[in-house]
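Got the model open on your screen? Let's walk through it with a few questions and answers.

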Amino acid sequence: MRRLPTYWLCSEDVALKQSDWGYAPDGVLFPSMTVSELKLALQWGLRTFQQRKHWAEEREQLLMRLEERKWIDQAKAVLCEVKGITEAEAYDFLRKQAMNERKRIGDIAASIVKVYQLIHG
């Protein structure tokens with residue numbers, strides 16, 4: 001699904017009365033605008049849209065990294081308990097295993113935790 005900028009076309013008096021639109025339009029257009037004002041409003045709305053899209057992508061990446069970090073911490077605890085190694089050694093083990101299998105360290109960590117939970121309930 002492709003996302004596009006959202007513009008709201010309304011009269012000036014409606015826009016002033018409406019303080020909460022229920023969503024975040026990227027721009028507001030008025031019938032009384034000149035061609036140059038419309039161009040500027042469309043450009044500004046596109047810029048706003050791109051910035052909001054960038055923030056949403058960055059937020060998603062940060063949430064994924066945070067989730068991956070949780071799996072890694074749980075896997076380190078499991079490895080420390082099962083193998084009797086330090087936390088640093090557990091992280092090195094995860095890192096080497098990820099390189100050997102050519103997978104992300106978070107995927108390896110999640111697999112370890114899931115298998116441990118499956119076995120130990």
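**Salt bridges, helices and a few odd residues**

Q: Is Glu 101 buried, partly exposed or exposed?
A: Keep in mind that this is a predicted model. Buried would need a relative accessible area under 20% and exposed one over 50%. Glu 101 comes out at 37%, so the label is partly exposed.

Q: Which residue does the side chain of Glu 101 meet in a salt bridge?
A: The partner has a relative accessible area of 47%, so that residue is partly exposed. The N to O distance of the pair is 3.9 Å, and a salt bridge asks for 4 Å or less. The partner is Lys 103.

Q: How many salt bridges does a search of the whole structure find?
A: Glu 101 with Lys 103 is one pair that meets this way. Arg 69, Asp 73, Lys 76 and Glu 87 are linked in a network of salt bridges. For the whole structure, the search gives seven.

Q: How many residues apart in sequence are the parts that Arg 104 and Glu 68 tie together?
A: The side chains of Arg 104 and Glu 68 meet in a salt bridge, 2.7 Å from N to O. Arg 104 lies in the loop between α3 and α4 while Glu 68 is in helix α2, so the pair ties together parts that are 36 residues apart.

Q: Which of Arg 104 and Glu 68 is buried?
A: The cut-off for buried is under 20% relative accessible area. Arg 104 has 49%, so that end counts as partly exposed. With 18%, the buried one is Glu 68.

Q: In which helix do Arg 95 and Asp 92 both lie?
A: Their side chains meet in a salt bridge at 3.8 Å, N to O. Both are partly exposed, Arg 95 at 35% and Asp 92 at 33%. They sit three residues apart, about one turn of the helix, and that helix is α3.

Q: How far apart are the end C-alpha atoms of α2?
A: α2 has 49 residues, and at 1.5 Å a residue they should span 72 Å. The model agrees with that figure, because the end C-alpha atoms are apart by 71 Å.

Q: Which elements are among those covering the buried residues of α2?
A: The buried residues of α2 include Ala 41, Gly 45, Phe 49, Ile 72 and Leu 79. Their cover includes two strands and two helices: β1, β2, α3 and α4.

Q: How far apart are the end C-alpha atoms of helix α4?
A: Helix α4 runs over residues 105-120, which makes 16 residues. At 1.5 Å a residue the expected span is 22 Å, and the model agrees, with its end C-alpha atoms apart by 22 Å.

Q: Which helices are among the cover of the buried residues of α4?
A: The buried set in α4 is Ile 105, Gly 106, Ile 108, Ala 109, Ala 110, Val 113 and Tyr 116. What covers them includes α2 and α3.

Q: Is Leu 118 buried or exposed?
A: Leu 118 lies in helix α4. Together with Val 115 and Ile 119, Leu 118 forms a nonpolar surface patch with about 350 Å² of accessible area. The cut-off for exposed is over 50%, and at 73% relative accessibility Leu 118 counts as exposed.

Q: Which side chain makes a polar contact with that of Asp 26?
A: Asp 26 lies in the loop between α1 and β2, and a relative accessible area of 4% makes this residue buried. Beyond residues up to four places away in sequence, Asp 26 touches Leu 4, Pro 5, Thr 6, Gly 45, Thr 48, Phe 49 and Arg 52. The polar contact, at 2.5 Å, is with Arg 52.

Q: What is phi of Arg 102 near?
A: Arg 102 lies in the loop between α3 and α4 and is exposed, with a relative accessible area of 79%. Phi here is positive in a residue other than glycine, near 55 degrees.

Q: Which residue with a positive phi comes just after α2?
A: Helix α4 is followed by Gly 121, with a positive phi near 65 degrees. Just after α2, a positive phi of about 70 degrees belongs to Gly 84.

Technical notes
Residues are numbered from 1 along each chain as its sequence is written. This is a predicted model: local features need pLDDT of at least 70, side-chain atom pairs count only at pLDDT 80 or more; totals for chains, interfaces and linings use all residues. Side-chain values use heavy atoms; hydrogens and water are left out. Helices (H or I, at least four residues) and strands (E, at least two) are DSSP runs, numbered from the N terminus. The expected span of a helix is 1.5 Å times one less than its number of residues. Buried means under 20% relative accessible area, exposed over 50%, partly exposed in between (1.4 Å probe, protein chains only). Contact means heavy atoms within 4.5 Å. Patches are made of residues with over 30% relative accessible area and no salt bridge: like charges are joined within 9 Å, nonpolar side chains (Val, Leu, Ile, Met, Phe, Trp, Tyr) within 5 Å. Accessible areas come from the Shrake-Rupley method with a 1.4 Å probe; for residues, only the protein chains shown count as cover. A polar contact is a pair of N or O atoms within 3.5 Å; within protein, one must be able to donate a hydrogen and the other to accept it, and residues adjacent in sequence count only if both atoms are side-chain atoms.
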